[in-house]
Amino acid sequence: MKFTWLEDSDNRLDTFYAWFDYTSRSIFARAIDEGLVTVNDKTVKRNYKLTNGDRVEIQPMEDENITPKDLNIDILYEDDHILMINKPPFLAVHPAKSFKGDTVVHWLLHYGCKLSDGEDENRPGIVHRLDADTTGVLLIAKDNRIHQKLKEMFQNHKVRKQYIAIVHGLPKEDTFTIQDPIGRGNNPTKMAVVTNGRNAITHVHVLKRAQDFSLLELEIETGRTHQIRVHLSHKGFPIVGDPVYGRKKEKITAKRQMLHAKSLRFQHPVLKKELHVEAPLPNDFKEVGKKTLLI
């Protein structure tokens, strides 16, 4: 893949991972280190800053079968129709053409349960996605019929999705709703609040405030790309550790965005019972929570 960069940037090359079709900054950084990414026909370091006219080339990866792999993933719920797991951090949900690395799909193939065909051969069972650096509840379909029903439930807002986040700033209101449209902004590497964007609704409840940080519980009615991260940053409450929408200089060290998919609640489309499945907070989230006096 070849790109020509059309603006000057003060940010490091590895912060633009999403623009180059990588789902994780860490995986893109590894590709840079291995010399798979060149700028103006030369290898560069992760901290290279792109300038107008730079020619970026990413060496193609060799096609290979997805090898099943045993990963440390906890199962939260399972029956004959669905599987729900607690996705750990730094793990993409499914493979992409531009990188090699372990994904949830690698683990699913090792686990050996039935899976739907998914959107393509690299996404068996995958109904929805979480960012690679976001943790929490992920829902997987075991056959095509249940996959379609779950997909329709997500589209029709019949799945309640709750998240927990540690953010900079102190919202004045305890409860409020962000309803700003999201789309591609002037910076092609980011999503943004734009007038011609798609409708996006995020409900926010402040659980605790301490120092200059807040612990938020969030529920999203829509599922736009990076919705929570964009909405919170737009309102002046960027998520701690967010490499794309967060603050460049932070008082607290976090290796990833402090965003956790806390729970999913929906009516089981086959068993017709209400399911409410929660994922415990990961250790790194708890550590940042202690540093900010929020947990």
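Lys272 is exposed, with 55% of its relative accessible area (exposed means over 50% relative accessible area, buried under 20% and partly exposed in between, with a 1.4 Å probe and protein chains only). This is a predicted model, in which local features need pLDDT of at least 70 and side-chain atom pairs count only at pLDDT 80 or more, while totals for chains, interfaces and linings use all residues. Residues are numbered from 1 along each chain as its sequence is written, and side-chain values use heavy atoms, with hydrogens and water left out.

Lys272 lies in the loop between strand 14 and strand 15 (helices, H or I of at least four residues, and strands, E of at least two, are DSSP runs numbered from the N terminus). The phi of Lys272 is near 60°, a positive value in a residue other than glycine. The two strands beside this loop form a hairpin with six residues between them, and Lys272 is in the turn. Strand 14 and strand 15 (residues 274-278) are antiparallel and share five bridges (strands pair if DSSP finds at least two bridges between them). Within this pairing, Phe266 is opposite Leu275 of strand 15.

Strand 14 has other partners too. Strand 8 (residues 160-168) runs antiparallel to strand 14 and is joined to it by six bridges, with Leu259 of strand 14 as the bridge partner of Ala165. Strand 7 (residues 135-141) pairs with strand 14 in the parallel sense, over two bridges. In that pairing Thr135 stands opposite His260. Why is strand 14 described as largely enclosed by the rest of the structure? Seven of the nine residues of strand 14 (residues 259-267) are buried, so the description follows from that count.

The loop between helix 2 and strand 7 contains Leu115. Leu115 touches Leu108 and Leu109, then Pro124 and Gly125, and also Ile140, Ala141, Lys142 and Asp143, leaving aside residues up to four places away in sequence (contact means heavy atoms within 4.5 Å). Between Leu115 and Asp10 there are 44 Å in space, C-alpha to C-alpha, and the two are 105 residues apart in sequence.

Helix 2 leads to the aromatic residues. A pair of aromatic rings is described by the distance of the centres and the angle of the planes. The structure holds one aromatic pair (rings of Phe, Tyr and Trp, the last by its six-membered ring, pair if their centres lie within 6.5 Å; planes under 30 degrees apart count as stacked, over 60 as edge-to-face and the rest as tilted). The pair consists of Trp107 and Tyr111, and it is stacked because the ring centres are 5.0 Å apart and the planes are at 15°. Both residues belong to helix 2 (residues 104-111), where being four residues apart separates them by about one helical turn. Trp107 is buried at 4% relative accessible area, whereas Tyr111 is partly exposed at 32%.

Towards the N terminus, four strands make an open antiparallel sheet in the order 1-4-2-3. Its edges are strand 1 (2-4) and strand 3 (42-43), each of which pairs on one side only. Strand 2 (residues 37-39) is joined to strand 3 by two bridges and runs antiparallel to it; here Thr38 is opposite Thr43. Another antiparallel pairing, over four bridges, links strand 5 (residues 74-78) with strand 6 (residues 82-87). These two strands are joined by a hairpin of three residues, and Glu78 has Leu83 of strand 6 as its bridge partner.

Between strand 1 and helix 1 (25-33) runs a loop that includes Asp14. Is Asp14 buried or exposed? Asp14 is buried, with a relative accessible area of 2%. Apart from residues up to four places away in sequence, Asp14 touches Arg25, Phe28, Ala29, Ile32 and Arg46.

Arg25 also appears in the lining of a pocket. The second largest pocket has a volume of about 740 Å³ (a pocket is an open set of points on a 1 Å grid over the protein atoms alone, where a 1.4 Å probe fits, with protein on both sides within 12 Å along at least five of seven lines; lining residues have an atom within 4 Å of a point). Its volume is the space filled by probe spheres set on the points, which are joined across faces, edges and corners. The lining has 28 residues, and the closest to the centre are Thr15, Arg25, Gly241, Asp242 and Pro243. By class, the lining divides into seven nonpolar, seven polar and 14 charged residues (Ala, Val, Leu, Ile, Met, Phe, Trp, Tyr, Cys and Pro count as nonpolar, Asp, Glu, Lys and Arg as charged, and the others, Gly among them, as polar).
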